[in-house]
Amino acid sequence: MAENAKNAKNAKNAKNAEDIAVDVVVAGAGACGLVAGLRASQNPDLVVAVLEKSTRDGCNAQVSSGSLAAGGTRFQAAAGIDDSPARHAADILAENGDDRHRPLVEALTAAAPHYVHWIADALGYPLEVGTDMTRHGISVPRLHTDPRRRGGGPLVSHLRGILAARPNVALLDETPVTGLRVAGSGPGARVIGVTARQNGTALTVSARTTVLATDGFAGNRALMREFCAGLGDPFHGGVSTATGDAVAWLRGLGAEFRNMGACLRHGQVTMHGTRVNPNLPWLGAVLVNTRGERFVDEQAHGYSGLAPHVAAQPNERALMVWDDEADLVAAHSEMMRDSAKAGALGSAADLVSLARDVRMDQLRLERALEPIDGRRRLVAPFHYAWLTHGVLTTQGGAAIDTHGRVLRKDGSAVTGLRAGGGTAVGLAGPDSAGYSSGNGLLAAMGMGWIIGNDLAAGTGGGLPL
Ligand SMILES: Cc1cc2nc3c(=O)[nH]c(=O)nc-3n(C[C@H](O)[C@H](O)[C@H](O)COP(=O)(O)OP(=O)(O)OC[C@H]3O[C@@H](n4cnc5c(N)ncnc54)[C@H](O)[C@@H]3O)c2cc1C
């Protein structure tokens, strides 16, 4: 142990062009990388290095809403909600139709209640089940979040703080991984660590296992054009670090990529780049295009599936209108606070002023706000926001098995390499409309949990570490 602490200290203090030897190197300190690092380093005999490209630009987990989807938690039981990993998996598969990845979905949903309990009970981060967080395709309330709805930032800070304090961990910030170190070639190739850059100078890391947790490529225009050309050039609502660095490294290894055209899209992005609470349609909110037409049943799609409907409207925008009753519930969200701060939310005392403020014909607007399918009638005063669509993250990536081992096209696993989160294939299936709320952090934290536990146990999921 003393030796490990010394090794980790050496790694923490690594100077330019120095070689570091560790047991596990994790590329990326976001949702997947932090959980993988925390779980692996529970074994005091392992030295773990976590390399993060940029704390200034950060990770998607940090700008996320921090909603953790998990079925079968003690929080749900206490609220009288009957749920289980099996029900969670069934909901995801019903939305994405991607039966090929059923084993992966089942492995992740089985992990979810465990890491939700661990975050709350062992790591001391406050969580509750959001009974006010209704989403399309989620049959019972299962999104867990902090009671103050502060978003993912405080959760990421909490996890980083615990990881950085571990004596057998070196958390190296502003240290982008630049490539994989590979021994051998062809099917015998094995990954033996990474190369990185620190203060502009090369750093070489040797490791028995390398974990790729660098997220997807939504911030890389060339890769978006290559794989997601059908989406045009949408607003990118995620962090700039998601440049798909791992795609080239994985290509070099002959890894298989799956579902590369799928993204986490969002059809409730304000014109200021913030989002409104996705619960609003279930609270009665109505969407109207600039011609004053209600163009979609607001509850018929998740926010990812809603994006193409908004994209198809004139000027790719739509007005969302809701009332005080809805606002009372929806306002309890970092998304609404961010939108208010950005100046993206408006209010109007009555229909006349609403029509005037949004420059729409009053009669058309009145007709569009008529309730459908027995939904309730909105009552003045009104709240509103102009919305467009965007891509938050990509959902395609490297094919992995249920232990995060990276698979080649022939189905063989690359020795010494694991991947999770946005670097690996996600849970949306082949199309963005298959994305269910909470899938992103489920794929990331769930695989971080599985990989980290394997490494701590020394099992490697059947392979050498
Ligand atoms: C606005 C928004 C809201 C969201 N809300 C939710 C939600 O509430 N619930 C949910 O389940 N999902 C949500 N998501 C999706 C979720 O945030 C992502 O799916 C998840 O964070 C992916 O985890 P990850 O570990 O793969 O990547 P990240 O959390 O993005 O972490 C990747 C890390 O790798 C680093 N990195 C990249 N390249 C390198 C490199 N070369 N070397 C070293 N480090 C590198 C990055 O800087 C980053 O820190 C949201 C996403 C966005 C953008």
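**Reasoning about T388 and the ligand shell**

Q: Why is T388 called buried in this predicted model?
A: T388 has a relative accessible area of 14%, and buried means under 20% relative accessible area, so the value of 14% places T388 in the buried class.

Q: Where is T388 found, and which residues does T388 touch?
A: T388 is found in strand β16, which covers residues 382-394. Leaving aside residues up to four places away in sequence, T388 touches H266, G267, Q268, V269, T270, M271, V310 and E316.

Q: What makes the pair of T388 and E316 a polar contact?
A: The side chain of T388 reaches the backbone oxygen of E316 at 2.8 Å, and a polar contact needs a pair of N or O atoms within 3.5 Å, so this pair meets the distance cut-off.

Q: How do you know that E52 and D245 make polar contacts with the ligand?
A: An N or O atom in the side chain of E52 is 2.6 Å from an oxygen atom of the ligand, while a polar side-chain atom of D245 lies 2.8 Å from a nitrogen atom of the ligand. The cut-off is 3.5 Å, and therefore both pairs count as polar contacts. As for cover, the ligand taken alone exposes 1000 Å², and the protein buries 98% of that.

Q: Which element gives the largest share of the shell around the ligand?
A: The largest share comes from α15, with four residues. By class, the shell holds 15 nonpolar, 18 polar and five charged residues.

How values were computed. Residues numbered from 1 in each chain as written. Predicted model: local features only at pLDDT ≥ 70, side-chain atom pairs only at ≥ 80, totals over all residues. Heavy atoms only, no water. Helix = DSSP H or I, 4+ residues; strand = E, 2+ residues; numbered from the N terminus. Buried < 20%, exposed > 50% of the residue type's maximum accessible area, 1.4 Å probe, protein only. Polar contact = N/O pair within 3.5 Å; in protein donor to acceptor, adjacent residues only side chain to side chain. Contact = heavy atoms within 4.5 Å. Areas by Shrake-Rupley, 256 points an atom, 1.4 Å probe, with all protein chains shown as cover. Nonpolar A, V, L, I, M, F, W, Y, C, P; charged D, E, K, R; others polar.
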